[in-house]
Amino acid sequence: MSSLTSENIDILVSQHQPENATLKNYVIGFVSSIVLTMSAYLLAYYHAGGRGLLFGLLAVLALIQFSVQLIFFLHVGKEFSPRLKLIVTLFMMLVVLIIVGGSLWIMYNLNHRVMPSTKQMVQYMNREDNL
Amino acid sequence: MNLNVFGSLLGKLSFRYLPHDPITVSGAIMMVLVPIALVVFLTVTKRWKWLYKEWLTTLDPKRIGVMYIVVAVAMGLRGLSDVILVRTQQAISVGNSHGILSASHFQQIVSAHGTIMIFFVAMGLMFGMINMIVPLQIGARDVAFPFLNATSFWLFFAGMVLINISLVIGDFSATGWLAYPPLSELKYSPTVGVDYWIWSLEIAGAGSLLSGINFLVTILKKRVKGMSLMKMPMFCWGVLGSMSLVAFAFPILTITLILLSLDRTLGTHFFTAGGGGNMMMYVNLIWAWGHPEVYILILPAFGVFSEIVSTYARKKLFGYTSMVWAIWSIVVLSFIVWLHHFFTMGAGSDVNGFFGIMTMIIAVPTGVKLFNWLFTLYKGKLNFKTPLYWFIGFAIIFTIGGMAGVLMAVPPIDFQLHNSLFLIAHFHMMIVSGVLFGDFAAIVYWLPKFTGFKLNERLGRYSFWLWLVGFLMAFLPLYVLGFMGATRRLDHYSASLGWQPLFIVAAIGVVFIIGGVVMMFVQLGYSIWTRKKHLAGSDPWDGRTLEWSLPTPIPFYNFARLPHVTSKDPFWYLKHRGGHKIAQGEYEPIEIPKNTPLAMVIAAGAFIFGFSIVWHIWWLAPIGLLTSIVTIIVRSMDEHPNFVLSASEVKQLDEKYGSAA
Amino acid sequence: MSDLVPSAQVDVKEVNRLIERNDEDNTTIFGFWVYLMTDCVLFGSLFAVFTVLRNNTFGGPGGAVLFSLPYALIETLSLLTSSFTCGLAVLSAQRKSKKQTVFWFVVTFLLGATFLGLELTEFHKFIAGGNSWHRSGFLSSYFALVGTHGLHITIGLIWIAVMTGFILKRGINGLTMKRIRMLSLFWHFLDVVWIFIFTIVYLFGALHA
């Protein structure tokens, strides 16, 4: 058993610190972000693969990079219990998912049903003329 | 460039925007006279220094709470006077008669009523109550961020001033309380009314958002040792749910209003009818905020009812855990029902069906709560005081209104009832009975804790009965009128429709409600007059939670020694089972934030910014913004925002004020 | 932690006070985190608006015509690097090295200012070419989304400048350390938002051709 010295107090206090910023974490985060950004960029720049596939791939790359930065830059999920920061973050993601996903669902449904494009309108009008 | 220097200096502002017709002029005169009267009163009684030192610069949440409530009550009276005009107009504007208001003025008044009642009355009462009660119930000496808390209040205040200035110079938005485009776009609403509306809500909304974050963190992080989440009073749970909604729904409002403002001032095309805008997106976004907003208001009121029912039934709350789950189901579900506000906009049956079903489901947790309250009352030793009357009134009206809501959750039925008076009756029954009755009950329940005397019971009951009768008379006819096809915001209708008798009944109902309001002021005045006769002591209702363990009046540091909590309702078990002392241990030094006027300065900057954008005074807007930013930086440089009471000082004060139980 | 049993040599109260102070700092940082999460919802709403209005070009140019991918890549890399250097500033501050902390904050500031300059140049190019926010719903939503991010960057730059002055004047103590941690959260957060702007606005925009 060692006695409490000022160094030990520092350690004790730092154990109450939810974040553990280390050079290793930042380097891992930085390098993988660069790699992910570059691959997304090259995929889009050279239009590699089919459009649907490409959209999916880019979205996945963005989500991976999001998680990487969340973990290595923003230190999410590295706190002690109760993991309030994590809970709040997950709740935010749920809300954003609902708002963005819900809005898109609703608005595309509405557009599809009540906001015909100019092209469609011309088609309808031509059809009326032919009647 | 405009060569008229004066004109360009003042933007669009000019004398021709002063009001002209008699009703608006009298409103404007009121808005000028009331502040002047206040200033004269304060000067004559030499209270400026007192006001500034004790109230305006305070960071004490108990005092900030009182200021919220004072503003909310004043705004409530304005909202009520709008109602009187609306009901009078609708009762007499039939056939050849066109009533007392022009069509556009009528629309302004309807919009003012909705906006003011929701944003400045319901929200104000709620935040006032939260400020006063939450820190006490969780055994905290302060909120997590006291300065931010004061800033929130002053932003709320700045928003309130901005929207009331529109009575004196300019006009009120005539576009309903949520200002749907394209009507609210510059092309169709060219005056400043909508801009006032936008910036008032933007500023007050920023305050609400900051408050939401503040109390979320306060409840999660500042609870006294031993009070785990599942030992918290139910009011705090309601507030926690509500504040989570504030924090995650208000940003949507902020963005939506900003985009509308950009459309109006910079000529963007977000919600315009042409130019590639999409007005339906506005409706979608505003309700993605708007529906959670309803639950933001109601969850704390649910919390109040939980406290009241269990205290006056002298029983622990029935189904505590299910109450908590009900709150969190409501929180999550309230984010996935928003489309039921616009079933008729043209979405397909899959979309409408989904949101219809979700809307029906959200009624379930609410039902769980109602049953829990009833089971708490069951076999309780009832102490039948006025708050229980308000609860029972709430339970009845809320159930009627709730069932009307479930009815409208069925999309085909909503197609018949959308935007009709049926809807108006439904949501007034929810918000007035839920939120307002909850706040009334809370005032009777908690006021003695702060003032040391109880309110007169008999006058309180009179007020309750006047409210109940008046309320049912004012809104039951609206259900019928809704079925008969009367839509909302009608300033005139044909005599052949046969609606007039029902509108007259509704107007008489408002007379009863006014009686109820007057009775409340009489009750308050009489109770202050005879306060020596019904002194309350520190625990008038045999309370259960920590706030009742404190001496009355509550010292500014709340708890001299932090309470010792091992169970729910800790104070009740202390009194009735004995055992542990609530406050234990030695006295410790306490840090208290110093008073500061800077919160007021930040809000003043925001007000100047909002006002100059409304009137396009472009040189002034950056000055307002800079004032706020520089003040924030100045505040952040202050390394000693607190003063410290030493342990011995705390001990002395504690002996002076009377120690906690 | 059995080797950390307090002995007579240390003031137990002092340790408790330090831990309590630290808890308070953590409360502030948690509060700031909640604010950042609410800001995410704000950006989420803007993303929803952008995605809904992205095809409403009203006869004007779409993203595939306007956006230059290499340009956006340079913006992205400068912001990403600034996020990394901001992390290095935090590490230097943890080591209590005032000089290094200031150095890395200056680097972060310069990279952030570069990013902002690039963004403003792009805005200017669009507006000069007759494609301002007046042109179409799509461009309105583009300017709103990217502009809001730029506004946040501007606030971040002001904060970095004030913070650097603060460190120079007061050195690295408990208070500055707490604020450095919050500033770094803010800056990293802006980088996270930019990932989605880069992907959804620029990369997806290029695919829409």
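**Exercise 1. Find where H75(A) sits in this predicted model, and say what its phi angle looks like.**

Step 1: start with the place. H75(A) lies in the loop of chain A that runs between α3 (51-72) and α4 (84-114).

Step 2: now turn to the backbone. Phi of H75(A) is near 55 degrees. That is a positive value, and the residue is something other than glycine.

**Exercise 2. Work out how chain A is divided, and describe how its two domains meet.**

Step 1: get the bounds. Domain 1 of chain A covers 1-80, and domain 2 covers 82-131.

Step 2: list who takes part. Domain 1 of chain A brings nine residues to the contact, and domain 2 of chain A brings seven residues.

Step 3: put a size on it. The size of an interface is often given as the accessible area lost when the parts come together. For domain 1 and domain 2 of chain A, that buried area is about 640 Å², with 55% of it on carbon and sulfur atoms.

Step 4: ask which residues of domain 1 lose the most area to domain 2 of chain A. They are V76(A), G77(A) and E79(A), and together they make up 60% of what the domain 1 side buries.

Step 5: sort the domain 1 side by class. Where domain 1 of chain A touches domain 2, you get five nonpolar, two polar and two charged residues.

Step 6: check for specific pairings. The rule finds zero salt bridges across the interface of domain 1 and domain 2 of chain A. For polar contact, it finds one residue pair there, with both residues at pLDDT 80 or more.

**Exercise 3. Do the same kind of bookkeeping for chain B against chain A.**

Step 1: count the residues. Chain B puts 25 residues into the contact, while chain A puts in 19 residues.

Step 2: look at the area. Chain B and chain A bury about 1,900 Å² between them, and carbon and sulfur atoms give 83% of that.

Step 3: see which helices of chain B are involved. At least two residues of the side touching chain A come from each of these: α7 (193-221), α8 (234-265), α9 (279-312), α10 (320-333) and α11 (349-377) of chain B.

Step 4: sort that side by class. The side of chain B that touches chain A has 18 nonpolar, five polar and two charged residues.

Step 5: check the pairings again. Between chain B and chain A the rule finds zero salt bridges, but it does find four residue pairs in polar contact, with both residues of a pair at pLDDT 80 or more.

**Exercise 4. Hold chain B and chain C up against the radius of gyration of a compact globule.**

Step 1: take chain B. It has 20 helices and two strands. Its C-alpha trace spans about 70 × 60 × 50 Å along the principal axes.

Step 2: compare chain B with the globule. A compact globule of 661 residues would have a radius of gyration near 26 Å, and chain B has 25 Å, so the two agree.

Step 3: take chain C. Its secondary structure is six helices and zero strands, and along the sequence that reads α-α-α-α-α-α. The C-alpha atoms of chain C fill a box of roughly 80 × 30 × 25 Å along the principal axes.

Step 4: compare chain C with the globule. With 209 residues, a compact globule would have a radius of gyration near 17 Å, but chain C has 21 Å.

**Exercise 5. Locate two cis peptide bonds in chain B.**

Step 1: go to P181(B). The bond from P181(B) to P182(B) is cis, with omega near 5 degrees. P182(B) is in the loop between α6 (146-165) and α7 of chain B.

Step 2: move on to T552(B). The bond from T552(B) to P553(B) is cis, and omega is near -5 degrees. P553(B) is in the loop between α16 (500-529) and α17 (570-577) of chain B.

**Exercise 6. Find which residues V644(B) touches, leaving out those up to four places away in sequence.**

Step 1: place the residue. V644(B) belongs to strand β2 (residues 642-645) of chain B.

Step 2: list its contacts. V644(B) touches P589(B), I590(B), E591(B) and E649(B).

Step 3: pick out one of them, I590(B). V644(B) and I590(B) are 54 residues apart in sequence, and their C-alpha atoms are 5.6 Å apart in space.

How values were computed
Residues numbered from 1 in each chain as written. Chains lettered and ligands numbered in written order. Predicted model: local features only at pLDDT ≥ 70, side-chain atom pairs only at ≥ 80, totals over all residues. Heavy atoms only, no water. Domains from an automatic or database assignment. Contact = heavy atoms within 4.5 Å. Buried area = accessible area lost by both parts, 1.4 Å probe. Salt bridge = Lys/Arg side-chain N within 4 Å of Asp/Glu carboxyl O. Polar contact = N/O pair within 3.5 Å; in protein donor to acceptor, adjacent residues only side chain to side chain. Nonpolar A, V, L, I, M, F, W, Y, C, P; charged D, E, K, R; others polar. Helix = DSSP H or I, 4+ residues; strand = E, 2+ residues; numbered from the N terminus. Rg over C-alpha atoms; globule rule 2.2 N^0.38 Å.
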